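Please open the model in a viewer with the sequence panel visible. The tour below proceeds by selection, with a short account of what each selection shows.

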Amino acid sequence: MDADLKKQIESRQDAGGFIKVTDEPVSDLTSQQKVALNRKANALFNEGKIAMAQRIFITTGYSDGLTRCGDKALEQNRPIDALKLYLLAHNKRKSEPLIEKLSGVLSMLLRE
C-alpha cells in the first residue's frame, strides 16, 4: 500500500465516538485500487483484524465489508458501533431494528 493511500485511510479513522467521519468513500481511488484494498481488508477480517479491515472498508465504501464489521460489533455486544457501521453501509434491514430498539430504551428512560 503506498504511503499516500495509507495516510488517506488513517485520516478517515473514527475518533471512537458515535459520530461518523463520512459515508462517502475516497473519490480518487481507482476501481483497481478499491478491489486490491477490499481484498486486503477481507484477508485482515478473516485473520480477526477487524479494526484494520474496518478502516479500509470505510475508506473504500465497501458496504458488504462494513456490514460484516457491524455484525462482529453486534456479536461483541457493541450495538452503537454496529449501528454506525450499518448506517455507513446504508443497510436499512440491519440498522432499523437497532434504531427501534434504541428508541424504545430512550423512551423508557425519559418516562422514568
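Begin with asparagine 77, which is found in the loop between H4 and helix H5 (79-88). The model is a predicted one. Display the backbone at this position: asparagine 77 has a positive phi of about 60°, although it is not a glycine. In general, most residues other than glycine have a negative phi. Colour by accessibility, and asparagine 77 appears as exposed, with a relative accessible area of 66%.

**The whole chain**

Zoom out and select the protein chain in cartoon representation. The chain has 6 helices and 0 strands, and from the N terminus on its elements run α-α-α-α-α-α. Of the 112 residues in the chain, 31% are buried. The chain exposes about 7200 Å², of which carbon and sulfur atoms supply 53%. In a contact map restricted to separations of 6 or more, residues 24 or more positions apart account for 38% of the contacts.

**Helix H3 and its end**

Next, select residues 50-60, which form helix H3. This helix is mostly covered, as 8 of its 11 residues are buried. Among the buried residues are Ile50, Ala53, Ile56 and Phe57; the polar names Gln54, Thr59 and Thr60 also belong to the buried set. Extend the selection just past the helix to glycine 61, where phi is positive, about 75°.

**An aromatic pair**

How many aromatic pairs does a search of the whole structure find? The search finds 1. To see the pair, show the side chains of phenylalanine 57 and tyrosine 62: the ring centres are 5.5 Å apart and the planes meet at 45°, so the pair is tilted. Is phenylalanine 57 buried or exposed? Phenylalanine 57 is buried, with a relative accessible area of 0%, whereas tyrosine 62 is partly exposed, at 28%.

**Helix H4**

Move to residues 63-75, helix H4, and pick threonine 67 within it. Threonine 67 has 12% relative accessibility and therefore counts as buried, the cut-off for that class being under 20%. Which residues does threonine 67 touch, not counting those up to four places away in sequence? They are Tyr86, Ala89, Asn91 and Lys94. Then select arginine 68 together with phenylalanine 45: the arginine lies over the face of the phenylalanine, at 4.8 Å from the ring centre.

**Helix H5 and the loop beyond**

Continue to helix H5 (79-88). Its buried residues are Ala82, Leu83, Lys84, Leu85, Tyr86 and Leu88. Show H3, H4 and H6 as surfaces, and the buried residues of H5 are seen to pack against these helices. Tyr86, one of the buried residues of H5, is also one of the residues that threonine 67 touches.

Finish with histidine 90, which follows H5 and lies in the loop between H5 and helix H6 (92-111). What is the sign of phi at histidine 90? The value is positive, near 60°, in a residue other than glycine. Histidine 90 counts as exposed, at 56% relative accessibility. As a last view, select asparagine 77 and histidine 90 together: asparagine 77 sits in the loop between H4 and H5, and histidine 90 in the loop between H5 and H6.

Technical notes
Residues are numbered from 1 along each chain as its sequence is written. This is a predicted model: local features need pLDDT of at least 70, side-chain atom pairs count only at pLDDT 80 or more; totals for chains, interfaces and linings use all residues. Side-chain values use heavy atoms; hydrogens and water are left out. Helices (H or I, at least four residues) and strands (E, at least two) are DSSP runs, numbered from the N terminus. Buried means under 20% relative accessible area, exposed over 50%, partly exposed in between (1.4 Å probe, protein chains only). Contact means heavy atoms within 4.5 Å. Accessible areas come from the Shrake-Rupley method with a 1.4 Å probe; for residues, only the protein chains shown count as cover. Rings of Phe, Tyr and Trp (its six-membered ring) pair if their centres lie within 6.5 Å; planes under 30 degrees apart count as stacked, over 60 as edge-to-face and the rest as tilted. A charge sits over a ring if NZ of Lys or CZ of Arg is within 6 Å of the ring centre and within 35 degrees of the ring normal.
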